[in-house]
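Reader: I would like to learn how to read a structure like this one. Please take the features in turn.

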Amino acid sequence: MADVVSGAASGGSSRFLDLNADLGEEVTDDAALLRVVSSANVACGYHAGTPATMRAVCEQAAERGVSVGAQVSYDDRPGFGRVPRDVAHDVLREQVADQVGVLAEHAAAAGLAVRYVKPHGALYHRVLDDEEQADAVLAGSGDLPVLGMPGVVLDAARAAGRVVHLEGFPDRGYGPDGRLLPRDAPGALVEGTDAVAAAAVRLAHTVDSVCVHGDSPGAVEHAVAVRRALLDAGWVLRGL
């Protein structure tokens, strides 16, 4: 399979892991990241992205055997989806369904299916604790597997019989509660390519997918280093 790459140290083991990044946000080199990752979280137009970027990412993902997922968010292009919002359950459900549906059309045109859903930004953090918002995301995304951190949305998805994928962030700092530090807090961003790669190897044993933020400084360099470190550690990279 084109989306499975094993490292020299794997010794024939079946230690599978996914490497994902946020793409289609018009802030990074999508083509370069698609040569590195095994799954692409595609911006669906509400916080970033356009029909053209969605189409291009899907087409290139198809060529490289990369899985695509819907990166859904609040309707907040000015704030890049990072501004907390209070959105009624039914409105959010329809917004999520719209985002998934739009991406599904572009994916289908490229011969792909949307393989999972992942909230973005403020919505990502909100559904870790907010049952109503989590339910809206799940209701709007059909039966798609859900990618995220431990919290309400994954618990609810699992309880409903949906597949869940746990992810970790080697380029972000964690607080004592196991949550990501706010971006403006000291230590929120892991600095240095070697440090990010080392963090990815540490996280690999505890998650299903490692995420490198596509909008972070040095995103491509970090992703290349993370990929190499994981392969050298014996992991087999496979899309979700």
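Author: Start with one residue and its contacts, setting aside neighbours within four places in sequence: Leu103 then touches Val42, Cys44, Met54, Cys58, Gly69, Ala70 and Val114. Keep in mind that this is a predicted model.

Reader: Which residues touch the most other members of the largest nonpolar core?

Author: That core has 54 residues, and Leu17, Leu92, Leu103, Val226 and Leu230 touch the most other members. Helix H3, residues 89–109, gives the most to this core, with five residues. There is also a second, separate core of six residues, which includes Tyr124, Leu128, Phe169 and Cys211.

Reader: How do I read the burial of a residue in helix H3, for example His106?

Author: Compare the relative accessible area with the cut-off: buried means under 20%. His106 has 14%, so it counts as buried. Leaving aside neighbours within four places in sequence, its contacts are Pro51, Met54, Arg55 and Cys58. Met54 and Cys58 are also among the contacts of Leu103.

Reader: What does Leu34 touch, apart from neighbours within four places in sequence?

Author: Leu34 lies in helix H1. Its contacts are Leu23, Ala40, Val57, Gln60, Ala61, Arg64 and Val66. For one of these, Val66, the separation in sequence is 32 residues and the C-alpha to C-alpha distance is 7.2 Å. Leu34 is buried because its relative accessible area is 2%.

Reader: Where is Ala219, and is it buried or exposed?

Author: Ala219 is in helix H8, residues 219–232. With 4% relative accessibility, Ala219 is buried. Not counting residues up to four places away in sequence, Ala219 touches Thr28, Leu33, Val212, His213 and Gly214. A C-alpha distance can be read for any pair: for Ala219 and Gly81, which are 138 residues apart along the chain, it is 19 Å.

Reader: Next, the backbone. What is the phi of Glu26, and what is that of Phe80?

Author: Check the sign of phi, then whether the residue is a glycine. Glu26 is not a glycine, yet its phi is positive, about 65°. Glu26 sits in the loop between strand S2 (16–23) and helix H1 (30–34). Phe80 is not a glycine either, and its phi is positive at about 55°. Phe80 is in the loop between strand S4 (67–72) and H3. Its relative accessible area is 17%, so Phe80 is buried.

Reader: Now the whole chain. How many helices and strands does it have?

Author: The chain has eight helices and nine strands. Of its 240 residues, 55% count as buried.

Reader: How should I read the radius of gyration?

Author: Set it against the value for a compact globule of the same length. For 240 residues that value is near 18 Å; the chain has 17 Å, so the two agree. The C-alpha trace spans about 50 × 45 × 35 Å along its principal axes.

Reader: What share of the contacts joins residues 24 or more positions apart?

Author: Take the contacts with a separation of 6 or more as the base; residues 24 or more positions apart account for 70% of them.

Reader: That leaves the surface and the charges. What are the values?

Author: The accessible surface of the chain is about 10000 Å², and 52% of it belongs to carbon and sulfur atoms. The chain has 20 positive and 33 negative charges, and their mean positions are 5 Å apart.

Methods: Residues numbered from 1 in each chain as written. Predicted model: local features only at pLDDT ≥ 70, side-chain atom pairs only at ≥ 80, totals over all residues. Heavy atoms only, no water. Core = buried A, V, L, I, M, F, W, Y, C linked by side-chain atoms within 4.5 Å. Buried < 20%, exposed > 50% of the residue type's maximum accessible area, 1.4 Å probe, protein only. Helix = DSSP H or I, 4+ residues; strand = E, 2+ residues; numbered from the N terminus. Contact = heavy atoms within 4.5 Å. Rg over C-alpha atoms; globule rule 2.2 N^0.38 Å. Areas by Shrake-Rupley, 256 points an atom, 1.4 Å probe, with all protein chains shown as cover. Lys, Arg positive; Asp, Glu negative; His and termini not counted. Charge placed at Lys NZ, Arg CZ, Asp CG, Glu CD.
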